[in-house]
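Me: I'd like to go through this structure and check why each label is used. Can you set the values against the cut-offs?

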Amino acid sequence: MLMAHPAVLKDLIEQYETLQTLHAERGTEETRRRMEDVAYTLCVSTGTRDIDSAFLAARRRLAGAVPAQDDALLAT
């Protein structure tokens with residue numbers, strides 16, 4: 001199975017947590033939709049079916065990540 005780059009996983013986790021806070025504060029439909037989109041992407045990126053499992057898988061992957069010699073490809 002292909003795994004998302006650790007930087008992508010980190011970004012998705014941060015986005016979801018930010019949206020979760022915004023949704024708790026405002027509860028808008030747009031925020032809920034964006035949160036669902038990020039949750040879906042995080043699940044696909046980790047090969048899981050629910051957000052809790054996705055968070056666990058992403059955090060395990062991040063904990064074991066070794067910094068690459070050249071992350072220049074991410075900048076494109």
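**Helix pairs and the core**

Reply: Sure, starting with helix 1 and helix 3: their axes come within 10 Å and cross at roughly 140°. The axes are lines fitted to C-alpha atoms, for helices over the stretch in contact, and angles run from 0 to 180 degrees between N-to-C directions. This is a predicted model, where local features need pLDDT of at least 70, side-chain atom pairs count only at pLDDT 80 or more, and totals for chains, interfaces and linings use all residues. Residues are numbered from 1 along each chain as its sequence is written, and side-chain values use heavy atoms, with hydrogens and water left out.

Me: Why is helix 1 called oblique to helix 3?

Reply: Angles under 35 degrees count as roughly parallel, over 145 as roughly antiparallel, 65 to 115 as roughly perpendicular and the rest as oblique. The crossing is at roughly 140°, so helix 1 is oblique to helix 3.

Me: Which residues make that contact?

Reply: With contact meaning heavy atoms within 4.5 Å, helix 1 brings P6, L9, K10, I13, Y16 and E17, while helix 3 brings I51, F55, A58, R59, R61 and L62. By class there are 8 nonpolar, no polar and 4 charged residues. Here Ala, Val, Leu, Ile, Met, Phe, Trp, Tyr, Cys and Pro count as nonpolar, Asp, Glu, Lys and Arg as charged, and the others, Gly among them, as polar.

Me: What makes helix 2 and helix 3 oblique to each other?

Reply: They pack at an angle of about 55°, with axes 9 Å apart. Helix 2 and helix 3 therefore count as oblique. A39, L42, C43 and T46 of helix 2 meet I51, A54, F55, A57 and A58 of helix 3, which splits into 8 nonpolar, 1 polar and no charged.

Me: How do you know that S45 is buried?

Reply: Buried means under 20% relative accessible area, exposed over 50%, partly exposed in between (1.4 Å probe, protein chains only). S45 has 15% relative accessibility, so S45 counts as buried. This residue is found in helix 2, and leaving aside neighbours within four places in sequence, S45 is in contact with M3, A4, L9 and L12.

Me: What touches I51, not counting residues up to four places away in sequence?

Reply: I51 touches Y16, A39, L42 and C43 on that count. In the largest nonpolar core, with its 15 residues, Y16, L42, I51 and F55 touch the most other members. Helix 1 (6-26), helix 2 (29-46) and helix 3 (51-63) are the elements giving two or more residues to this core.

Technical notes: Core = buried A, V, L, I, M, F, W, Y, C linked by side-chain atoms within 4.5 Å. Helix = DSSP H or I, 4+ residues; strand = E, 2+ residues; numbered from the N terminus.
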